[in-house]
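Student: I am new to this structure and would like a close look at a single part of it. Could you take me through one strand and its surroundings?

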Amino acid sequence: MSKFEVPALPYSFDALEPHIDARTMEIHHGKHHGGYTNNLNAAIEGTDLEGTSIESILSNISNHSAVVRNNGGGFFNHSLFWTVLGANKGGEPTGDLAEVINSTFGSFSEFQSQFAKAAATRFGSGWAWLVLVDGKLVVSSTPNQDNPMMDVVEVKGTPILGLDVWEHAYYLNYQNRRPDYISAFWNVVNWDEVSRRFSEAK
Ligand code: MN
């Protein structure tokens, strides 16, 4: 039976420097994402979930174990995260996504400020999200490895941008300075990919 696999990074470990350092990327991708993926595969081996899509598992997560919730979320969240980052990215979105962000939040900088606040105020480990909910863009955050695809979270929808605010995502370089990591994140957002996800989710 096919197993979940960690997707290759679409860039080198050092591609996001100086904003996100190579050592953090190497450990985060290989050990953390790799760990969630192995644990998810082990948890579903020999069960009805074997061969089920990750989207289907997450959307019914209330029916599954905490191990599947934590590691299924970890597998999905990091698979999304690597793609919404990139070298020589940042800046602002364009086109349809830019228009909808402006009409929803008032301006791009107001959106950034709401997203950064969600990321900074998530107590302990978790994620900040830009989510499409019934055709509307919403900023939210989730604890642990929960995400907007899960039927148990407050804001349910399709995530189009996510930011990992677990300490493992920034501690080597930023230590306790999560706000500095959040500021640096804007320099590596791949808005082309976020726009693609937005169009697909609509
Ligand atoms: Mn992580």
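Tutor: What follows is a walk along one strand, then outward to its partners and packing.

This is a predicted model, in which local features need pLDDT of at least 70 and side-chain atom pairs count only at pLDDT 80 or more, while totals for chains, interfaces and linings use all residues. Residues are numbered from 1 along each chain as its sequence is written, and side-chain values use heavy atoms, with hydrogens and water left out.

The strand is β1, residues 126–133; strands (E, at least two residues) and helices (H or I, at least four) are DSSP runs, numbered from the N terminus. Eight of the eight residues of β1 are buried, where buried means under 20% relative accessible area, exposed over 50% and partly exposed in between, with a 1.4 Å probe and protein chains only. In a regular strand the side chains alternate between the two faces of the sheet. Here both faces are covered, with Gly 126, Ala 128, Leu 130 and Leu 132 buried on one side and Trp 127, Trp 129, Val 131 and Val 133 buried on the other.

Two strands count as paired if DSSP finds at least two bridges between them. With β2 (residues 136–143), β1 pairs in the antiparallel sense over eight bridges, and Gly 126 stands opposite Pro 143 of β2. The hairpin of these two strands has two residues between them, and Asp 134 there takes a positive phi near 45°. With β3 (residues 158–164), β1 again pairs in the antiparallel sense, over six bridges; Leu 130 stands opposite Leu 161, and the bridge partner of Trp 127 is Asp 164.

Together the three strands form an open, antiparallel sheet in the order β2-β1-β3. Its edge strands are β2 and β3, each of which pairs on one side only. Helix α4 (residues 95–105) packs on this sheet, touching β1, β2 and β3, where contact means heavy atoms within 4.5 Å.

The largest nonpolar core has 59 residues, and among the members that touch the most others are Leu 130, Leu 161 and Leu 163; such a core is a set of buried Ala, Val, Leu, Ile, Met, Phe, Trp, Tyr and Cys residues joined through side-chain atoms within 4.5 Å. The largest share of this core, seven residues, comes from β1.

Definitions and conventions:
Axes fitted to C-alpha atoms, helices over the stretch in contact; angles between N-to-C directions.
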